[in-house]
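Please open the structure in a viewer and keep a selection tool at hand. The tour below proceeds stop by stop, stating what to select and what is found there.

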Amino acid sequence: MPVSSPSSPRLVEDVSDWFDTHARDLPWRRADFHAEYGAWGTLVSEFMLQQTPVARVIPHLAAWLGRWPTPAATAAATPADIVQQWANLGYPRRALWLHRAAVEITQRHGGEVPRDVDALLALSGIGDYTARAVATFAFGDRHPVVDTNTRRVMARALDGKSQPGPAARRDLAEMAALLPEGDREAAVFNAAMMELGAVVCTARSPRCDQCPIVARCAWVAAGRPDTGDERRRQARYEGSDRQARGAVLKVLRDADGGEAVAEAVIHDWAGPAQRDRAIDSLIADGLVEAVDGKLRLPR
DNA sequence: TAGCCGTGGTC
DNA sequence: TGACCAAGGCT
């Protein structure tokens, strides 16, 4: 007898059925998106979705793929163009990693996004989540795809906890044990768990009255207790080096030719020490170049 | 592995 | 208002 989902077959079925009727109509879920951009489109969307909300990604994704529809086209762009086009999506190192991944795909894989998870993991900026997301959603293969939404749903429904613990390799095994047998069914279930966590089983104020598995949720059965939160808390952003880096980069993105004198990136809230620290770290990351006392986006 | 890395919306 | 949160990954 196939072990499709030993502990909760109905849970898998109900989440998948709910997804069939409630899935949001997102660009990267449309057939014409896959027909036009293939696995590269999926890969780019997943890069942008790393820690950036769906609503902010959508318009940037269309513009990006319209400009650079293939790995080869992306690889041929300059880092300056890449960082500029990334605009305010945040975490601009991701833009550089995406560019690097495009170069690697062009060099190692003949310009075709690899299907193998290990080959995907070997690309810049691709980790456990993105590698399996591409293999599953672009190629239809059967892998556990675990993001923060999936981990929260599992923590609540299966473990009776209000929030998931810190991300761990064990999450992949837990999700793998739930996956239905068929490739197609597994892909749907992966997407369904993410969707449920994103729109119903949310971090704050979950909509349990709209949940397809509320009747089998361990956390609800326990009375929705606050079981604590072991996740790391984000460092304060206001006044941080991250904010200083963001401010410096914004000046360069907005500057004519992506170039500005160092003095022009001073900010009232950042002293010269923090400014220099931000600039140095941006240079170390390859996001900024210093030439003749001027700063510019990398060429 | 813990700390770090943007930006803007939400409550 | 400020803390929390977001389809993570790298070092």
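## A charge over a ring

Begin by selecting R156 and W219: R156 lies over the face of W219, at 4.7 Å from the ring centre. Please bear in mind throughout that the model is a predicted one.

## Aromatic residues

Next, display the aromatic side chains; the structure holds 3 aromatic pairs. Select W64 and W68, whose ring centres are 4.9 Å apart and whose planes stand at 70 degrees, so the pair is edge-to-face. Both W64 and W68 are buried. Add W86 to the selection, since one aromatic cluster is formed by W64, W68 and W86.

## A buried threonine

Select T52, which is placed in the loop between α2 (31–49) and α3 (54–67). Is T52 buried or exposed? With a relative accessible area of 6%, T52 is buried, the cut-off for that class being under 20%. Two partners should now be shown beside T52. A polar atom of the T52 side chain lies 3.0 Å from the backbone oxygen of L89. The side chain of R94 makes a polar contact with the side chain of T52, at 2.8 Å.

## Salt bridges

Turn now to the charged side chains, among which 19 salt bridges are counted.

Select D128 and R169 for one of them: the closest N and O atoms of this salt bridge are 2.7 Å apart. The pair links distant parts of the chain, with D128 in helix α8 (residues 128–137) and R169 in the loop between α9 (148–157) and α10 (170–178), 41 residues apart. D128 counts as partly exposed, at 29% relative accessibility, whereas R169 counts as exposed, at 56%.

Move to D229 and R231, whose side chains meet in a salt bridge of 2.6 Å, N to O. D229 has a relative accessible area of 43% and is partly exposed; R231 is also partly exposed, with a value of 27%.

Then select D285 and R245, where the side chains meet in a salt bridge of 2.8 Å, N to O. D285 lies in helix α14 (residues 272–285) and R245 in helix α13, so the pair ties together parts that are 40 residues apart in sequence. D285 is partly exposed, with a relative accessible area of 27%, while R245 is buried, at 17%.

As the last selection of this group, show R10, D14 and R216, which are joined into one network by salt bridges that share partners.

## Around DNA strand B

Keep R245 displayed and add DNA strand B. Which residues come nearest to DNA strand B? Of the 17 residues around the strand, these are R56, P92, R242, R245 and G246. Helix α13 (residues 241–254) supplies the largest share of the surface near DNA strand B, with 4 residues. By class, the residues of this surface divide into 4 nonpolar, 6 polar and 7 charged.

Of the atoms of DNA strand B within 4 Å of the protein, 53% belong to sugar or phosphate, and the rest to bases. Three individual contacts may be selected in turn:

- Q51: a polar backbone atom of this residue is 3.1 Å from a base nitrogen of DNA strand B.
- Y91: a backbone N or O atom lies 2.8 Å from a sugar or linking oxygen of DNA strand B.
- R93: a polar side-chain atom lies 3.0 Å from a sugar or linking oxygen of DNA strand B.

## Around DNA strand C

Finally, select DNA strand C. There are 29 residues around DNA strand C, of which W28, L49, T130, D147 and R233 come nearest. Of the atoms of DNA strand C that come within 4 Å of the protein, sugar and phosphate account for 59%.

Select Y129 and T130 to view contacts with phosphate. A backbone N or O atom of Y129 lies 3.1 Å from a phosphate oxygen of DNA strand C, and a polar side-chain atom of T130 lies 2.6 Å from a phosphate oxygen of that strand. At D147, an N or O atom in the side chain is 2.8 Å from a sugar or linking oxygen of DNA strand C.

To take in the wider surface, colour α2, α6 (93–108), α8 and α9, the elements that give two or more residues to the surface near DNA strand C. This surface has 9 nonpolar, 8 polar and 12 charged residues.

Technical notes:
Residues are numbered from 1 along each chain as its sequence is written. Chains are lettered from A and ligands numbered from 1 in the order in which they are written. This is a predicted model: local features need pLDDT of at least 70, side-chain atom pairs count only at pLDDT 80 or more; totals for chains, interfaces and linings use all residues. Side-chain values use heavy atoms; hydrogens and water are left out. A residue is near a molecule or strand if one of its heavy atoms lies within 4 Å of it. A polar contact is a pair of N or O atoms within 3.5 Å; within protein, one must be able to donate a hydrogen and the other to accept it, and residues adjacent in sequence count only if both atoms are side-chain atoms. Ala, Val, Leu, Ile, Met, Phe, Trp, Tyr, Cys and Pro count as nonpolar, Asp, Glu, Lys and Arg as charged, and the others, Gly among them, as polar. Rings of Phe, Tyr and Trp (its six-membered ring) pair if their centres lie within 6.5 Å; planes under 30 degrees apart count as stacked, over 60 as edge-to-face and the rest as tilted. Buried means under 20% relative accessible area, exposed over 50%, partly exposed in between (1.4 Å probe, protein chains only). A charge sits over a ring if NZ of Lys or CZ of Arg is within 6 Å of the ring centre and within 35 degrees of the ring normal. A salt bridge is a side-chain nitrogen of Lys or Arg within 4 Å of a carboxyl oxygen of Asp or Glu.
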